[in-house]
Amino acid sequence: MKPCLAPLLALAALCGSAPAQAAERLPLPTVAEVDLARYAGAWYEIALLPNRFQRQCVADTQARYRLLEGRVEVINRCRRADGQVEDIRGHAKVVPDSANAKLRVSFFWPFYGDYWVLDLDPGYRRVLVGTPDRKYAWLLAREPQLDEAQLQALLDKAASLGFERGAFRRTPQSQPLEP
């Protein structure tokens, strides 16, 4: 009997992942519009899909956005394992015809990366940001901690868009950096 179960279990696993796989093939939708003046300011990283360019960051990751002469200044800060704070400055430019929901960010000119606003609450208190290839994503909030229900809702939204929900790693905010 055991050999007969293997094909059924494999089929069940495939069926269970079909919606996520289907979402991965669809174009990634963004929010309808972002008011960059309201978006500006400090955001705390609550969770992320781990990536190589943030591997030195172990806690207290924060981003600050400021409007400057037609573009957005970006300052990312985090705490390393040795307790030191590391920061990097860059800038973002709006992708034309995206209603400010799609940005291109550069920390090392001339290289740019995608920064798409995928979910943003009406009060501009929490946001899901990601890249169209679904390799990178961040859950950000205006406060260092996010209510568990709100966090789970953002993770659910990310999963519905084709991001791997279980791959998100929470970011400790034990000693939040200056706002």
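## A pocket and its salt bridges

By class, 18 nonpolar, 8 polar and 7 charged residues make up the lining of the largest pocket. Keep in mind as you look around that this is a predicted model. The space in that pocket comes to about 890 Å³. If you want to find its centre on screen, start from F53, Q54, N76, F107 and W138, which are the closest to it among the 33 lining residues. From there, you can follow the lining out into the strands: β1 (41–48), β2 (57–68), β3 (71–80), β4 (85–94), β5 (102–108), β6 (111–120) and β8 (137–141) each give two or more residues to it.

Now let us turn to charge pairs. Side chains of opposite charge can pair when their charged atoms come close. How many salt bridges does a search of the whole structure find? The count is 10, and a few of them are worth a visit.

Begin with D60 and R79, whose closest N and O atoms are 2.6 Å apart. This salt bridge ties together distant parts of the chain, since D60 sits in strand β2 and R79 in strand β3, 19 residues apart. Are these two partners buried or exposed? D60 has a relative accessible area of 0%, so it counts as buried. R79 is also buried, because its relative accessible area of 14% falls under the 20% cut-off.

Next, look for E143 and R125, whose side chains form a salt bridge with an N to O distance of 3.1 Å. Here the link runs between two loops: E143 lies in the loop between β8 and α3 (148–160), R125 lies in the loop between β6 and β7 (126–130), and the two are 18 residues apart. With a relative accessible area of 44%, E143 is partly exposed. R125, at 38% relative accessibility, is partly exposed as well.

A third stop is the salt bridge between the side chains of E148 and R170, at 2.7 Å from N to O. This pair connects helix α3, which holds E148, to strand β9 (residues 169–170), which holds R170, across 22 residues of the chain. E148 has a relative accessible area of 37%, which means that it is partly exposed. For R170 the value is 46%, so this residue is partly exposed too.

Finally, salt bridges can share partners, and R66, E73 and R89 are joined in this way into one network.

Definitions and conventions. Residues numbered from 1 in each chain as written. Predicted model: local features only at pLDDT ≥ 70, side-chain atom pairs only at ≥ 80, totals over all residues. Heavy atoms only, no water. 1 Å grid on protein atoms, 1.4 Å probe; cavity = no way out; pocket = protein on both sides within 12 Å on 5 of 7 lines; lining within 4 Å. Points joined across faces, edges and corners; volume = space filled by probe spheres on them. Helix = DSSP H or I, 4+ residues; strand = E, 2+ residues; numbered from the N terminus. Nonpolar A, V, L, I, M, F, W, Y, C, P; charged D, E, K, R; others polar. Salt bridge = Lys/Arg side-chain N within 4 Å of Asp/Glu carboxyl O. Buried < 20%, exposed > 50% of the residue type's maximum accessible area, 1.4 Å probe, protein only.
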